[in-house]
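Trainee: I would like to go through this model with you and ask, for each term we use, what justifies it.
Mentor: Then let us have the structure before us and take the terms one at a time.

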Amino acid sequence: MINHMQERIGRGLLLAGALGFSLLLAGCGSRTQPVEGIVVFKGGEPATKLAGYYVTFESVDQPVSATGVVQPDGTFKVGTYQDGDGALLGKHRVSIGPPAPDYGDNPKSLILPKYNQPQTSGLEVTIRRGINKVTLEVEPARR
């Protein structure tokens with residue numbers, strides 16, 4: 001009888017733990033807010049030449065980041081836990097960098113190198129509840 005009771009308690013604890021873990025994961029995703037953005041060159045022209053570049057939002061308050069890829073029309077969406085789910089609420093530093101080069105290939109960046117690091121880019125956004133529309137203005141690389 002005691003073994004049967006211990007087995008039932010053990011199953012109950014296992015089930016409660018699994019449920020708690022599921023709720024924790026669901027809670028993580030709900031903290032993100034949608035982000036729709038566009039990268040433009042100074043003057044407002046969509047940065048269509050940056051298709052394939054990565055956009056990264058680095059949270060100032062938490063060790064979490066969201067990433068997305070610039071599309072052929074200069075737009076992007078970021079994701080934190082899955083593609084396109086958005087970014088965490090709060091302030092973010094932003095970086096924009098070229099895609100990883102192919103083996104042996106070392107293409108020049110089309111924008112100033114300062115944009116490759118969130119600490120030097122000068123780009124910051126604050127994510128609020130609801131759909132966030134973001135415009136990131138960059139300068140082309142000097143040739």
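Trainee: Which residue is the bridge partner of Glu36 in β5, and what makes β2 and β5 a pair?
Mentor: In this predicted model, the bridge partner of Glu36 in β5 is Lys77. A pair of strands needs at least two bridges between them; β2 and β5 have three bridges, in the antiparallel sense, so they count as paired by that criterion.

Trainee: How do you know that β2 and β9 pair, and in which sense?
Mentor: The same cut-off of at least two bridges applies, and strand β2 (residues 35-41) shares seven bridges with β9 in the parallel sense, so the criterion is met. Within this pairing, Gly37 has Val134 of β9 as its bridge partner, while Ile38 stands opposite Thr135 in β9.

Trainee: Why is the pairing in this sheet called mixed?
Mentor: Three strands form an open sheet in the order β5-β2-β9, with mixed pairing: β2 pairs with β5 in the antiparallel sense and with β9 in the parallel sense. From one strand to the next, the twist averages 25°.

Trainee: What makes β5 and β9 stand at the edges?
Mentor: Each of them, β5 and β9 (132-138), has a single partner strand, so one side of each is left without a neighbour in the sheet. As for β2, five of its seven residues are buried, which is the sense in which this strand is mostly covered.

Trainee: Why is the contact between Phe57 and Phe76 called an edge-to-face aromatic pair?
Mentor: Ring centres must lie within 6.5 Å for a pair, and planes over 60 degrees apart count as edge-to-face. The centres of Phe57 and Phe76 are 6.2 Å apart and their planes make an angle of 65°, so both conditions hold and the name follows. The pair links distant parts of the chain, with Phe57 in strand β3 (residues 54-59) and Phe76 in strand β5 (residues 75-77), 19 residues apart. The structure holds one aromatic pair.

Trainee: How do you know whether these two rings belong to buried or exposed residues?
Mentor: Buried means under 20% relative accessible area. Phe57 has a relative accessible area of 0% and is therefore buried, and Phe76, at 3%, counts as buried too.

Trainee: What makes Val55 a buried residue, and which residues is it in contact with?
Mentor: Val55 lies in strand β3, and its relative accessibility is 0%, so it counts as buried against the limit of under 20%. Leaving aside neighbours within four places in sequence, the residues in contact with Val55 include Val39, Phe76, Val94, Ile96 and Leu136. The C-alpha atoms of Val55 and Asn116 are separated by 9.3 Å, although these residues are 61 apart along the chain.

Trainee: How many residues of the chain are buried, as a percentage, and what do the contacts across the chain show?
Mentor: Buried residues make up 30% of the 143 residues in the chain. Among contacts between residues at least 6 apart in sequence, 65% join residues at least 24 apart.

Trainee: Where is the pLDDT below 50?
Mentor: The chain averages a pLDDT of 85, and 78% of the residues score at least 70, but over residues 12-29 the value is below 50, and this stretch has two contacts in the model beyond near neighbours in sequence.

Technical notes. Residues are numbered from 1 along each chain as its sequence is written. This is a predicted model: local features need pLDDT of at least 70, side-chain atom pairs count only at pLDDT 80 or more; totals for chains, interfaces and linings use all residues. Side-chain values use heavy atoms; hydrogens and water are left out. Buried means under 20% relative accessible area, exposed over 50%, partly exposed in between (1.4 Å probe, protein chains only). Contact means heavy atoms within 4.5 Å. Rings of Phe, Tyr and Trp (its six-membered ring) pair if their centres lie within 6.5 Å; planes under 30 degrees apart count as stacked, over 60 as edge-to-face and the rest as tilted. Helices (H or I, at least four residues) and strands (E, at least two) are DSSP runs, numbered from the N terminus. pLDDT is the predictor's confidence in each residue, from 0 to 100. Axes are lines fitted to C-alpha atoms, for helices over the stretch in contact, and angles run from 0 to 180 degrees between N-to-C directions.
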